[in-house]
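Student: I should like to work through the charged residues of this structure. Could we begin with the terms that the discussion requires?

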Amino acid sequence: MSRPADDEYYDDDRTEHVAQGDIFRDVPFHFPIPEPGQETEQKGRRRPVEEPPYFEGHGMLIHYTSGFMAQPPATQGYAHRYRLIAPIFPFTMLLELGMAEEALEEMRRSDKIASYMYLPPYPDEFEESAVLPYRPVLLHHSFLEGQRVTQLRGPAAVQLQLKLATTFLGGKWDPEDLEPDLTDHWHPDG
């Protein structure tokens, strides 16, 4: 499966509650960096980009929606206050952090680099970017209140699940087997 078309990524009002694949602005990302001499030696050709120790920007909710929603369906509210948020780095920033232009072209063309998910630009919010699902932070829900920019549409939600499965479980996954939860848990009939 190639990546979704640019017009298949964003849906501005799918659910009232937050959901997997939601994109937020002004998310604080703290990436603790070890003291000099404590770093883990890196070997081989695969090299992740070097994250800044602190970054505030856009992020994507990667928790599975049903895992943090109040139950049963139609119950408004959340079961717990914590969310896993993956940072979204603009392509310009990825270049500055050491990613090769060829890798960005590959993402743009087919989005087959396992540890990153391509995002087309979203007007007035962010330029062409990539989600880094391998590098999430755990945040309290209060950091996300009022900061949602947009939500993912079906094809992009499948792409996100494909990236999450590949990143955290490994192996090859058939997009036909993935079923993102796009329902409105607070208004299931409506």
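Tutor: A residue is called buried under 20% relative accessible area, exposed over 50%, and partly exposed in between. The model under discussion is predicted. By these cut-offs, Asp-6, at 40% relative accessibility, counts as partly exposed.

Student: With which residue does Asp-6 form a salt bridge, and how far apart are the closest N and O atoms?

Tutor: Side chains of opposite charge can pair when their charged atoms come close. The partner here is Arg-3, which counts as buried at 16% relative accessibility. Asp-6 forms a salt bridge with Arg-3, and their closest N and O atoms are apart by 2.9 Å.

Student: How many residues apart in sequence are the parts that Arg-148 and Asp-22 tie together?

Tutor: The side chains of Arg-148 and Asp-22 meet in a salt bridge of 2.8 Å, N to O. Arg-148 lies in strand β8 (residues 148–152), whereas Asp-22 lies in the loop between β1 and β2, so the parts that this pair ties together are separated in sequence by 126 residues.

Student: Is Asp-22 buried or exposed?

Tutor: The cut-off for a buried residue is under 20% relative accessible area. Its salt-bridge partner Arg-148, at 26%, counts as partly exposed. Asp-22 has a relative accessible area of 0% and is therefore buried.

Student: Which residue of the loop between β1 (10–11) and β2 (23–30) is in contact with both Asp-22 and Arg-148?

Tutor: The residue has a relative accessible area of 0%, so His-17 is buried. Its contacts beyond four places in sequence include Asp-22, Arg-148 and Tyr-78. Tyr-78 is 61 residues away in sequence, with a C-alpha to C-alpha separation of 8.8 Å. The loop residue asked for is His-17.

Student: In which helix do Glu-106 and Arg-109 both lie?

Tutor: Their side chains meet in a salt bridge of 2.7 Å, N to O. Glu-106 is partly exposed at 26%, while Arg-109 counts as exposed at 55%. The two residues are three apart, about one turn of the helix, and both lie in α2.

Student: What is the relative accessibility of Asp-111, a residue that touches Glu-106?

Tutor: Asp-111 is placed in the loop between α2 (101–109) and β5 (117–119). Besides Glu-106, the residues it touches include Arg-3, Tyr-116 and Lys-163. Asp-111 counts as buried because its relative accessibility is 3%.

Student: Which residues gather with Asp-177 in a patch of negative charge?

Tutor: Asp-177 lies in the segment after α3 (154–169) and is exposed, with a relative accessible area of 58%. The residues that gather with Asp-177 in this surface patch are Asp-174, Glu-176 and Glu-179.

Technical notes. Residues are numbered from 1 along each chain as its sequence is written. This is a predicted model: local features need pLDDT of at least 70, side-chain atom pairs count only at pLDDT 80 or more; totals for chains, interfaces and linings use all residues. Side-chain values use heavy atoms; hydrogens and water are left out. Helices (H or I, at least four residues) and strands (E, at least two) are DSSP runs, numbered from the N terminus. Buried means under 20% relative accessible area, exposed over 50%, partly exposed in between (1.4 Å probe, protein chains only). Contact means heavy atoms within 4.5 Å. Patches are made of residues with over 30% relative accessible area and no salt bridge: like charges are joined within 9 Å, nonpolar side chains (Val, Leu, Ile, Met, Phe, Trp, Tyr) within 5 Å. Accessible areas come from the Shrake-Rupley method with a 1.4 Å probe; for residues, only the protein chains shown count as cover. A salt bridge is a side-chain nitrogen of Lys or Arg within 4 Å of a carboxyl oxygen of Asp or Glu. Lys and Arg count as positive and Asp and Glu as negative; His and the chain ends are not counted. The place of a charge is taken as NZ of Lys, CZ of Arg, CG of Asp or CD of Glu.
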